[in-house]
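Please look through the structure below with its sequence at hand. The paragraphs that follow lead from one part to the next.

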Amino acid sequence: MSPDERAALQRHRLWGLVDRLLAADGVQGRRLKEAGVGGGSDVTLAGLRGLPFTTKQDLWDNYPFGMLAVPRDQVAAVHGSSGTRGRPTLVAYTRADLDLWAAMCARSLSCAGASPGSVVHNAYGYGLFTGGIGIHQGAVALGATVVPMSGGMTDRQVRMLADLRADVLTCTPAYALRLGEAVAEAGVELPALKAGLFGAEPWSEELRAAIEDVLPVKAMDIYGLSEVIGPGVATECLEQDGLHVNEDHFIVEAVDPSSGVPVEDGTPGELVFTTPTKQALPLLRYRTGDIASLNRGECDCGRTLVRMSKVLGRADDMLVVKGVNVYPSEVERVLLGSGLVRPHYQLVVDRRTPAARLLVACEALSGDPRAELAHRLHESLGLTAEVVVLPAGTVPRTEVGKAVRVVSWEDGGPPLPGLS
Ligand SMILES: [Zn+2]
């Protein structure tokens with residue numbers, strides 16, 4: 001589809017979305033009316049940037065079903081997250097939404113090299129979390145064979161990977177590392193495995209190299225969040241040079257997180273999504289909190305879909321240490337890029353004193369890399385951190401769900417043994 005054809009499709013779909021939001025008369029519809037929008041035909045693609053935002057706070061305020069744009073009995077499934085700061089976020093799907101989601105995940109799997117007949121080993125968690133069931137439905141829609149492993153029980157995962165000769169692995173990047181470690185410990189070969197689709201948390205190019213080092217895969221990034229639909233919003237192709245956004249269904253913008261004003265392509269900003277075709281919970285200009293940049297240049301794979309960079313971090317996850325703002329993924333980049341440590345780390349923010357102290361817990365490949373790493377963190381990020389080297393195998397591994405990259409030390413004993 002040419003960019004012009006796609007823009008015409010987006011505009012047509014956007015009109016439909018605006019009409020549905022106005023008819024539903026929920027918080028989004030009322031804001032549109034206040035902004036002087038009386039119908040879809042009042043809106044253009046270029047004018048989207050002038051329309052009101054929707055936020056996670058809106059979902060919380062209208063929990064659980066206050067933002068539905070369809071009658072409750074048309075909801076075929078709910079998903080959600082326990083959420084940052086412990087507040088659940090609930091999202092809803094009609095049957096048509098589930099079909100769309102499956103199609104988007106099938107497209108993502110295919111973008112990363114899966115095909116009908118592929119064996120997809122799916123180690124994302126199954127449940128309210130969208131990762132497991134989203135990829136599962138996508139693999140079925142693609143015509144692949146899905147192995148619904150969910151997370152955990154790593155020894156059994158290694159056995160199934162080998163026995164069923166999976167060619168595609170899907171899980172969080174942190175769990176891919178753990179699996180790679182377990183595969184080596186078991187002395188198993190995985191000759192059929194060729195691609196991995198890893199997401200649900202920000203990860204760096206350096207972590208990609210670490211995964212490709214321990215597993216025989218080309219490691220691709222997949223992006224999504226439950227509010228927008230789940231996994232399948234954007235995916236890297238085999239070029240591994242940015243994630244193609246499925247913008248026929250998810251219109252993306254990047255905005256300055258403080259002012260909300262759109263930033264130039266190539267400049268990191270907060271991703272904002274509009275979902276013109278979703279039925280149960282359509283969203284207008286939803287603020288994701290995820291920071292990335294957009295690239296409309298042509299990709300060598302031939303796709304014309306806009307690309308987003310890997311997510312640098314979530315606005316919520318930014319650490320402020322002695323006046324320096326830093327995302328955990330930036331620390332990851334320095335640690336793993338040094339070649340001095342194993343790819344397992346945890347950041348401990350010691351808040352027992354007013355000026356928070358950052359401890360970087362890692363495992364050395366050899367020798368004592370503490371001084372060198374502290375120097376590199378300061379050189380690259382301006383960050384003052386204490387590097388703590390723990391015995392090999394003792395930095396916590398991710399067995400289920402998303403990696404815990406940052407822990408807070410509020411009082412009492414250290415959250416990890418070996419810290420002081
Ligand atoms: Zn591409």
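In this predicted model, the site of the zinc ion is tetrahedral, with angles of 102 to 113° among its four donor atoms. The zinc ion is held by SG of C237, NE2 of H244, SG of C299 and SG of C301, at 2.1 to 2.3 Å. Along the sequence, the spacing of these donor residues is C-x6-H-x54-C-x1-C. H244 belongs to strand 9 (residues 243–245), while C299 sits in the loop between strand 13 (294–295) and strand 14 (307–308), so this pair ties together parts that are 55 residues apart in sequence. H244 and C299 are both buried.

Strands 9, 13 and 14 also appear in an open sheet of nine strands, whose order is 4-3-5-6-7-8-9-14-13 and whose pairing is mixed. Which strands stand at the edges? They are strand 4 (145–148) and strand 13; each has a single partner strand, so one side of each is left without a neighbour in the sheet.

Strand 6 (residues 195–199) is a useful place from which to follow the sheet. On one side in the strand order is strand 5, and on the other is strand 7. Strand 5 and strand 6 pair in the parallel sense over four bridges, and T170 has L197 of strand 6 as its bridge partner. Strand 6 and strand 7 also run parallel, joined by five bridges. Here G196 stands opposite A219 of strand 7.

How many residues of strand 6 are buried? Five of its five residues are, and the strand is mostly covered. In a regular strand, side chains alternate between the two faces of the sheet. In strand 6, A195, L197 and G199 point one way, G196 and F198 point the other way, and all are buried.

Helices link these parallel strands. Strand 5, helix 7 (residues 173–186) and strand 6 form a right-handed β-α-β unit. A right-handed β-α-β unit is also made by strand 6, helix 8 (residues 205–214) and strand 7.

Beyond strand 7 (218–225) comes strand 8 (230–236), with a loop between them. These two strands run antiparallel and are joined by four bridges. L225 stands opposite G230 in strand 8. Helix 7 packs on the sheet, where it touches strand 5 and strand 6, and its direction makes about 125° with that of strand 5. Helix 8 lies across strand 6, strand 7 and strand 8, and runs at about 130° to strand 7.

The loop between strand 7 and strand 8 holds V228. Is V228 buried or exposed? Its relative accessibility is 0%, so V228 counts as buried. Leaving aside residues up to four places away in sequence, V228 touches V233, F250, F273, T275, K278 and Y286. V228 and P282 are 54 residues apart in sequence, and the distance between their C-alpha atoms is 8.2 Å.

Away from the sheet, helix 2 (residues 27–34) has V27, Q28, G29 and L32 among its buried residues. What do the buried residues of helix 2 pack against? They pack against helix 1 (3–24) and helix 3 (56–61). Just after helix 2, G36 has a positive phi of about 85°.

Some loops hold further backbone features. P64 lies in the loop between helix 3 and strand 1 (77–81), and the peptide bond from Y63 to P64 is cis, with omega near -5°. R165 is in the loop between helix 6 (154–163) and strand 5 (168–171). Phi of R165 is near 50°, which is a positive value in a residue other than glycine. K322, in the loop between strand 16 (319–321) and strand 17 (324–326), has a phi near 50°, again a positive value in a residue other than glycine.

Terms used
Residues are numbered from 1 along each chain as its sequence is written. This is a predicted model: local features need pLDDT of at least 70, side-chain atom pairs count only at pLDDT 80 or more; totals for chains, interfaces and linings use all residues. Side-chain values use heavy atoms; hydrogens and water are left out. Buried means under 20% relative accessible area, exposed over 50%, partly exposed in between (1.4 Å probe, protein chains only). Contact means heavy atoms within 4.5 Å. Donors are N, O and S atoms within 2.8 Å of the metal (3.2 Å for Na, K and Ca); water is not among the atoms, so sites may look incomplete. Four donors count as tetrahedral if all angles lie between 85 and 135 degrees; four count as square planar and six as octahedral if opposite donors are over 155 degrees apart and all others between 65 and 115; anything else is irregular. Two strands pair if DSSP finds at least two bridges between them. A crossover is right-handed if, with the strands pointing away from the viewer, the path from the first strand over the helix to the second runs clockwise. Axes are lines fitted to C-alpha atoms, for helices over the stretch in contact, and angles run from 0 to 180 degrees between N-to-C directions.
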